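Work through the exercises below with the model in view. Each task is followed by its solution in steps.

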Amino acid sequence: MFYSRQISVRLHAEHLATIQLWSRLEHAIAARMPDEQLAPLYRNCAAALADEVERHFAFEEKQLFIRLAEAGDGDIAELLREEHETIREAGARLQELAAQVRPDEAAKRELRALGVELAERVVSHVQKEEMALLPAIDDLIDEDTDRELALSYASQ
Amino acid sequence: MIPIGSAARGRLLPVSVPMRYFGTAAAYQVFAWALLLYAADDLAGFRGGLGPVFAALHLVTLGVLAMTAVGASLQMLPVSTRQPVQSVALARIVWWLLAPGVAVFAGAAILYAPRPMALGALAVFAALGLYAWLLFANLRSARGMPAIRAYGWAALVCLVLALALGLLLVAHYEHGLALDRAGVALAHLVLASYGFMGLLALGLSCFMLPMFALSPPPSGMLATASLALALGAIALALIATVLDRQPALLAVACALGFAAAIVHVIMMEKSLAARLRPPLGAAFLLVRAAWVCLAASLAAGAALMLGWLPERFVVVFGVLLVPGWLLTFVLAVLQRIVPFLASVHAGAHGRGPALVSSLTPERTLDVQRWLHLSATALLIAGAAFQSAAGVRLAAAIGLAAAIAFAVFFTTVMRRLRGSGSNRSPDVLQPTN
C-alpha cells in the first residue's frame, strides 16, 4: 500500500518488518529445522512481541482504534483489538517457552505449534490492518494531527 | 437515497449477507454441471435458444457468477472505497429476488416455457437493478483507490446496458418483439461477461489479490491502461454488433481485449512478484488458469471472426469464457474469501478469533481444484472435437468438483457456527 500520512507510513514499515520476521519463523518450522537452530528465532520473535509489537499495539489501541470507531467502523476496531489480545496471550506463552534453557520434548512441540499459530495470527492481523485500518486513518486525520501522532509515537 | 432500512454500521456486513450469496452460488454450480451432464449431447450444436444448455449457461452466469459478484462486491467494495453499504436490508432483498429468480428462469428455460421464464427474468432484473443502485451509491461517495473506482463505474454501466438488452431478449421470446436476436444476444454476452463480470473481476483483483498475497498494489497507470483497452474493446464490439456484426471490427475488439488482458496479467504478476511472503497459496493456481482462459477466449474470438477457426469453435470460445475464465476466477476468489470472512466473524463471539487455516478444509479444496481444472480442460477438448462422450465426462468431473466446492463451503460454515458455540470449541483445531 502507498500511504500519504507519516503515521500510516511508519506503521506500514513496521508491518513489513513483522511479516518478514514471522515468515522466517514459519518457513523454518515448515522446513523442519532442528530445535537448536529454531531457538534463536523463537527468542527474536518473542522479544519483538514484547517490545516493538507491544508498543505498536498500545499506540493503535490508544490513538487509532478510537478514531476508527468514531468514523463508524467500531466493529473493525473491536475485531482488531480482540486480535491484539489473542496475540498478546499466545505471545506471553511463547516468551515463557522460549526462555526455557533446556525445553523438554513437550515444550518443543508446543513451541512449534505456537510458532505456526502466531505466524498465521500476526500475518492475518497485518493483512486486516493494511486493508482496513491504515487507509481509513489516512483519510480520517489531517496534517496537524498526523504530525502530532507521528511525534507521539516516536517518543514512546 | 432509498429509504429502506439503515446503512451498515461499518464496512463489515453481517456474516449472513455475503455468505447467503456464496452458499447459493455453490448450490447453483452443482445444478449447472448436473444439467450439462444431462444435456451433454446438445452442447456441440448449441448456438443460443432455450433448452437445458441455455439453462445450464444461465445457472452459471446468473446463479454462480452474478450471485458471487453481488455478494463479494457488497462486502469487499466498501472496504476498498471506504464507504459502508447504503442499506443492509436492500442487500438482503437483492438475494431474495435473485436466488428464486434464477431458479424460475432456468427451470422455465429447461421446459421451453417463455412465460414463467419472463417472471424469473423480471425478478433477476429487479435484483440486479437494486444491486446497481447499491453499487452506484457506494461508488458515488467512494474515496481512495481511483483505479478500482473507475473499474466499478465501468462495470456498473455495462450491467445497466446488459440488463436493458436482456429485457429486450425476454420481450422477444415472450411477446415476439422483432429484433436481431443474434446481434442483441451477442451485445448482451459482451456486456454481461467481459463488461460487468469481467471488469468487476479485474477491478477487484487490483485490491483483493495483493491483499491475499501481501504484495504492493499494482501500478495505477497500468490498471488505467488495461481498463482503457478493455473499454475500447467493449465499445468496438458493440459498434460492430450494431453494424450487422462486422467480423473484422469484432476481431479488432478481441485484439484490444487481448491486449487489456495481457496488460492486466503483467501488472498483477509484477505486484505478486513483490509479495512479502513466498507462498502464494494454491488458489492462485486457479487465478492463473483463469487468466490463461481469458486471453485464450479473446484469441479464439478473433480467430473465429477472421475465419481461422471453424464455426464449431464458437462453443470452445464460450467454454473458455464462462467456465474457463469467469467461473475459475470466481472459485479461486471464493476459496480465499469465504474462510477469511468466516474468521473475521468467528472472532465476534468473545473467543480468540479463529485462524483461517482452522476453518479451511484444505484437502477438500485440493480435490476441488484438480477436478475443476480437469473438467474445464476436458470440456474445451470435448467442444473442440464435438465429442459428446468428452463433454459428458467433463460434466461428470465438473459435477464432482462442484460437489467438493459445496462440501468446502458447508464445512467452513459448520466450523464458523462451531466457533460461536460453547458446545463445539474444536473449531480452532486444524482438521480436514
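A residue is buried if 20 or more other C-beta atoms lie within 10 Å of its own, exposed if 12 or fewer, and partly exposed in between, with C-beta atoms placed from the backbone. The model is predicted, so local features need pLDDT of at least 70 and side-chain atom pairs pLDDT 80 or more, while totals for chains, interfaces and linings use all residues. Residues are numbered from 1 along each chain as its sequence is written, and chains are lettered from A and ligands numbered from 1 in the order in which they are written.

**Exercise 1.** Place Tyr153(A) in chain A and decide whether Tyr153(A) is buried, partly exposed or exposed.

Solution. Step one: Tyr153(A) belongs to helix 4 (residues 143-154) of chain A; helices (H or I, at least four residues) and strands (E, at least two) are DSSP runs, numbered from the N terminus. Step two: 18 other C-beta atoms lie within 10 Å of Tyr153(A), which is therefore partly exposed. Step three: leaving out residues up to four places away in sequence, Tyr153(A) touches Ile7(A), Arg10(A) and Phe59(A), where contact requires C-beta atoms, placed from the backbone, within 7 Å. Step four: Glu120(A) is 33 residues from Tyr153(A) along the chain, and their C-alpha atoms are 26 Å apart.

**Exercise 2.** Describe the make-up of chain A.

Solution. Step one: chain A contains four helices and zero strands, in the order α-α-α-α along the sequence. Step two: its C-alpha trace spans about 50 × 25 × 25 Å along the principal axes. Step three: of the 156 residues in chain A, 37% are buried. Step four: among contacts in chain A with a separation of 6 or more, 76% join residues 24 or more positions apart.

**Exercise 3.** Determine how helix 1 and helix 2 of chain A are arranged.

Solution. Step one: helix 1 (residues 6-30) and helix 2 (residues 35-98) of chain A pack at about 155 degrees, with axes 10 Å apart. Axes are lines fitted to C-alpha atoms, for helices over the stretch in contact, and angles run from 0 to 180 degrees between N-to-C directions. Step two: helix 1 and helix 2 of chain A are therefore roughly antiparallel; angles over 145 degrees count as such, under 35 as roughly parallel, 65 to 115 as roughly perpendicular and the rest as oblique. Step three: by class, the contact of helix 1 with helix 2 of chain A has eleven nonpolar, three polar and three charged residues. Here Ala, Val, Leu, Ile, Met, Phe, Trp, Tyr, Cys and Pro count as nonpolar, Asp, Glu, Lys and Arg as charged, and the others, Gly among them, as polar.

**Exercise 4.** Do likewise for helix 2 and helix 3 of chain A.

Solution. Step one: the axes of helix 2 and helix 3 (residues 105-140) of chain A come within 12 Å and cross at roughly 30 degrees. Step two: helix 2 of chain A is therefore roughly parallel to helix 3 of chain A. Step three: their contact divides into 21 nonpolar, four polar and eleven charged residues.

**Exercise 5.** Compare the settings of Asp244(B) and Gln386(B).

Solution. Step one: Asp244(B) sits in the loop between helix 8 (220-242) and helix 9 (247-273) of chain B, and Gln386(B) in the loop between helix 13 (362-384) and helix 14 (388-419) of chain B. Step two: Asp244(B) is exposed, with 9 other C-beta atoms within 10 Å, whereas Gln386(B), with 14, is partly exposed.

Conventions. Two residues are in contact if their C-beta atoms, placed from the backbone, lie within 7 Å.
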